[in-house]
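Me: Please take a close look at one part of this model: the places where helices pack against each other, and the empty space around them. I should like the contacts, the geometry and the surroundings set out as one connected account.

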Amino acid sequence: MTSNPHHAADYVKEIAPGFLPRVGLVLGSGLGTLADKIESIAAIDYRDIPGFPRATVEGHAGRLILGRLGGMAVACMQGRSHYYEGVAPRDLAVPIRMLRLLGVDILLLTNAAGSFRSKMKPGSLMMIRDHINLSGLNPLVGPNEGEFGPRFFSMEDAYDPILRQHLAAVAKELGITLHEGVYLHYLGPNFETPAEIRAFRLLGADAIGMSTTPEVLVARHAGLRVLAISSITNAVAGTSKIPLSHELTLKQAKLAAEDLERLLIVFLETLKRELLKAHIRNSEGRND
Ligand code: HPA
């Protein structure tokens, strides 16, 4: 049976009554330290949230943290689940739909990824412009949940162009190099073969990882605005002498963690100002 995101949202609302997060944040492998910067009002283990898939991989704490970051009310997932853990694809919809039910309308996703570009080195950041879902899976397969969105929907501009512009401007202001490119979702859990990497390069991939596209699909179905950043942890298989491992991913993710934290905190501060301005403009334009 499919889990019901309403049960998850109701549980969280009981723990933090009246708390209305506007932004959802998902922290990927080795990137969980940003959660320490949140002025938190509650931290909830995924295992306590009804129907929430567990995060079983090292480097994924598996906690939902509610609080303020950069002045914005956020609901932050410290760690995520992946298809390769054996989670039913449909169950990966629960966390994102729960965020939607809590009031989130902007979703910021992070992940660790391998780089196809020699100039995009470990320790650097790539804003995702578009993706290739090569996992072969999709959390939206099955009866459509019309409450959240339509059966068919567009994935053009899935990574919100305005939010991307904002993020690029903030990165420039802070002197942080922010690459931009296409993320390819590989099912895993193994890293790719060199032959696969040669094929994926021809397909147009700039970075590769084992997450993020399920969340983007569910979020876009539900009309959330999405922004996603890859923290580059390694050069892709067959292009470097360093053997790939999860330990390497966790170690290298730390290299970019500080830049990522600064970038996201200032981004949220800017976003708050922009949303406030838009709100004022909207209410001035109203004649009720
Ligand atoms: N491939 C797939 N997933 C990854 C990689 C990679 O090279 N690096 C971090 N996650």
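Reply: For the angle between two axes, under 35 degrees counts as roughly parallel, over 145 as roughly antiparallel, 65 to 115 as roughly perpendicular, and the rest as oblique. The model is predicted, and the account below begins with helix α2.

Helix α2 spans residues 93-102 and helix α5 spans residues 213-221; their axes lie 9 Å apart and the two pack at an angle of about 40 degrees. The pair is therefore oblique. In handedness, the crossing of α2 past α5 is right-handed. On the α2 side the contact is made by A93, I96 and R97, which meet E215, V218, A219 and H221 of α5. By class, this contact consists of 4 nonpolar residues, 1 polar residue and 2 charged residues.

Helix α2 has a further packing partner in helix α1, residues 5-15, whose axis comes within 8 Å of that of α2 and crosses it at roughly 50 degrees. That angle makes α1 oblique to α2. The passage of α1 over α2 is again a right-handed crossing. From α1, the residues P5, H6, A8, A9, V12 and K13 take part, and they meet V94, R97, M98, L101 and L102 of α2. This contact divides into 8 nonpolar, 1 polar and 2 charged residues. R97 of α2 is thus found in the contact with α5 and also in the contact with α1.

The enclosed space comes next. Across the whole structure, a search finds 1 cavity of 30 Å³ or more. The space in the largest cavity is about 90 Å³. Its lining is made up of Y46, F52, P53, M77, R80, S81, L92, P95, I96, P214 and E215. Two or more lining residues come from each of the elements α2 and α5. Two names link this cavity to the helix packing: I96 of α2 and E215 of α5 belong to the contact between those helices, and I96 and E215 also line the cavity. In character, the cavity lining has 8 nonpolar residues, 1 polar and 2 charged.

An open space deserves separate mention. The largest pocket holds about 350 Å³. Its lining has 26 residues, of which A112, F191, G209, M210 and T249 are the closest to the pocket centre. At least two lining residues are supplied by each of β5 (106-115), β8 (207-209), β9 (225-235) and α6 (246-285). The largest share is that of β5, with 4 residues. The pocket lining comprises 12 nonpolar, 12 polar and 2 charged residues, whereas the cavity lining comprises 8, 1 and 2 in those classes.

Two backbone details complete the account. Most residues other than glycine have a negative phi, and most peptide bonds are trans. The peptide bond from G188 to P189 is cis, with omega near 5 degrees, and P189 sits in the loop between β7 (178-185) and α4 (194-203). D157, although not a glycine, has a positive phi of about 50 degrees; its place is the loop between β6 (125-133) and α3 (161-174).

Notes. Residues numbered from 1 in each chain as written. Predicted model: local features only at pLDDT ≥ 70, side-chain atom pairs only at ≥ 80, totals over all residues. Heavy atoms only, no water. 1 Å grid on protein atoms, 1.4 Å probe; cavity = no way out; pocket = protein on both sides within 12 Å on 5 of 7 lines; lining within 4 Å. Points joined across faces, edges and corners; volume = space filled by probe spheres on them. Nonpolar A, V, L, I, M, F, W, Y, C, P; charged D, E, K, R; others polar. Axes fitted to C-alpha atoms, helices over the stretch in contact; angles between N-to-C directions. Left-handed = near helix turned anticlockwise from the far one by under 90°. Contact = heavy atoms within 4.5 Å.
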